[in-house]
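Visitor: I would like a close look at one part of this model, with the cut-offs spelled out as you go. Please pick a part and walk me through it.

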Amino acid sequence: MNILTRKKVIVISILLGILLGLVILFSIMVGSVKVKPLRSITILFQSILGLKGAGTETERAIILSLRVPRALLAGLVGAGLSVSGAIFQALLRNPLADPYILGVSSGAAVGAIIAILMGLSTLSIGLPLASFIGALLTIFIVFNFGKQDGKIHPNTLLLAGVIIGSFLSALIMFFISISQKEELHTIIFWLMGDFSFSNPQAVYMISPYIFFGFIFLYLRARQLNLILSGEESALQMGVDVERLKLISYLLASLITAASVSVCGLIGFVGLIVPHSVRLIFGPDHRLLLPSSALIGASFLIASDTFARTLLAPTELPVGVITAAFGGPFFIYLLRTRKVVKTL
Amino acid sequence: MIDVHSISFRYQKDWVLQDISFQVGKGEFIGVIGPNGSGKTTLLKILYRLLSPQQGEVLFELAPLKRMSRTDIAKRIAVVAQETYPLFPFQVIEIVLMGRSPYLGYLMFESEKDLEIAKKAMEWTEILSLSERPIDELSGGERKRVFIARALAQEPEVILLDEPTTNLDIHHQIEFLDLILSLNRERGLTIVMATHDMNIASEFCDRLILLREGRIYKMGAPQEVITKETIETVYGCDVWVDQNPVSGMPRISLLRKGVHEIEAVGRDRIGTE
């Protein structure tokens, strides 16, 4: 009988991990500054092994301080957004849910814009930190409004998120309307999603949220399957539903906050990656979460690579690429398979 | 087995259930009947502690239900409620395996033994051949069986059924209830079923609990509960009660307004002669 086993999850994860590795290698081989592809790889592996040798100082700087952190950051964000999208879709029982649905992204944007207007964006960590704080404040406010008598009601939470998100959007527009021309470009790129601020510190800053967030969510993968049939149904199977909801919402929101803080609002990934993975591997979270993380990471690294090479030396916002490539692919899947129940 | 001890429950201000007491013995098949809003579903929800009564308590084999852990309850009491489906299409076998959830704890994957239990549950409910079909492609009757199989995979002592036969045609109703009855008779499962269909309740249940406005109006064997006077008082409409000619159990016929005065009286005469 064709059921999900540990072996199947491990095998698929390893295969997708290899794919991710190849995508990372590809992304560090190409760029606006020509470094010979093979030399890029040599530089990478030599530095992993602690050796020095190949390449000029400039080439090594381009590979190790620019391309590698950028690929890692795009990978972390792609994984984070895809996983939190899958979680929000399950908890809100809504296939349209994405990581930004509770307004976390708008809070992050307000934080980021304030930092840009105050000139903090020149500091390597200033912008992400400000936007992370904005996102955390939003999570705090949304959860306080979304709770009733100590319980989380998905619809109340959703409404609270959407309304606070709209209020924050008003703030964003206000800030845009008063900002200067130079700042405007930075703000708009941030709002469309942009990895050009990437630096190694950002990688260190967000990886704990994404790694530990993923692990704690994965421990609840089986319970998340049960909640897809509704809260009462999960409770009948012995799940402590309130605890599951609280922990999962908070972790997914934290992952979103961390992801958004380093690169702005990259749309689409958190919506279509989980759906595409469901169409290919089925809805079981024990397989869905790891494969969404790995495919989301590969997808975003690949998209970012295109974003910075397509019109090089001009960089496109990566959000343009994710929507332009992801949309048609998703429509194709939608036409050939079934996304949600058709009852 | 289940001892409901003078419970009262309210959602907001008004009491939905008041001073309800009854016992369910091991292996009994109990029917809970009553008009819309009489508290049937609320009562079932209290029996698996989705809701907790403000007054009184429920004992499960002498232990207070409110002190049992969620997973303990799920190992002993299974529920087949009004239909809910996963948001995304799972296969039948995956749904049935979810019934093993209370036994898995923090384990991520089901063992061979869990799979055996799920297969057995699917065998009893005759859905083994559907195992890899997505749930949303099944007919209403088949889906009901899937959820019974999931309940059986929990290896419970009690199954609570909430309006299990709505939306089923008579063929599927009988098929479903025969399955429940055989689980009750052959495997000793205790059944508590809330239903609107009094003829079904009368045919299948050992005992009936008739609720009216949140109180027990009458409780006992179908012959004692389903009588013309009782039903007319509780439901406020005219009915005719006679016996199912085959089983001999009480049978209710609905009467059009004004019909009973002519036809029913005539029939009554025939009956008594």
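Guide: What follows is a tour of chain B, from its strands out to its domains and its partner chain.

A word on conventions: residues are numbered from 1 along each chain as its sequence is written, while chains are lettered from A and ligands numbered from 1 in the order in which they are written. The model is predicted, so local features need pLDDT of at least 70 and side-chain atom pairs count only at pLDDT 80 or more, whereas totals for chains, interfaces and linings use all residues.

Let's start with the sheet in chain B. Four strands (DSSP E runs of at least two residues, numbered from the N terminus, as are helices, which are H or I runs of at least four) make an open, antiparallel sheet in the order 2-1-4-5. Its edges are strand 2 (15-24) and strand 5 (63-64) of chain B; each has a single partner strand, so one side of each has no neighbour in the sheet. At one of these edges, strand 5 of chain B is joined to strand 4 (residues 55-60) of chain B by two bridges, with the two strands running antiparallel. Two bridges are enough here, since strands pair if DSSP finds at least two between them. Look for B:Leu59, whose bridge partner in strand 5 of chain B is B:Pro64.

Next, move on to strand 6 of chain B, residues 77-80. Strand 6 of chain B pairs with strand 7 (residues 158-162) of chain B, in the parallel sense this time, over four bridges. On this seam, B:Ile77 has B:Val158 of strand 7 of chain B as its bridge partner. In a regular strand, side chains alternate between the two faces of the sheet. Strand 6 of chain B is covered on both faces: B:Ile77 and B:Val79 are buried on one side, and B:Ala78 and B:Val80 are buried on the other. Buried means 20 or more other C-beta atoms within 10 Å of the residue's own, with C-beta atoms placed from the backbone.

Stepping back, chain B is assigned domain 1 (2-225) and domain 2 (237-273), with bounds from an automatic or database assignment. The C-alpha centres of these two domains of chain B are 32 Å apart. Contact between them (C-beta atoms, placed from the backbone, within 7 Å) involves six residues of domain 1 of chain B and six residues of domain 2 of chain B. On the domain 1 side, helix 8 (198-204) and helix 9 (222-225) of chain B each give two or more residues, and helix 8 of chain B has the largest share, four residues. That side of domain 1 of chain B comprises two nonpolar, three polar and one charged residues. For these classes, Ala, Val, Leu, Ile, Met, Phe, Trp, Tyr, Cys and Pro are nonpolar, Asp, Glu, Lys and Arg are charged, and the others, Gly among them, are polar.

Finally, turn to where the chains meet: 29 residues of chain B and 32 residues of chain A take part in the contact. On the chain B side, helix 2 (70-76), helix 3 (92-98) and helix 4 (101-104) of chain B each supply at least two residues. By class, this side of chain B has 21 nonpolar, four polar and four charged residues.

Terms used:
Contact = placed C-beta atoms within 7 Å. Buried ≥ 20, exposed ≤ 12 C-beta atoms within 10 Å, placed from the backbone.
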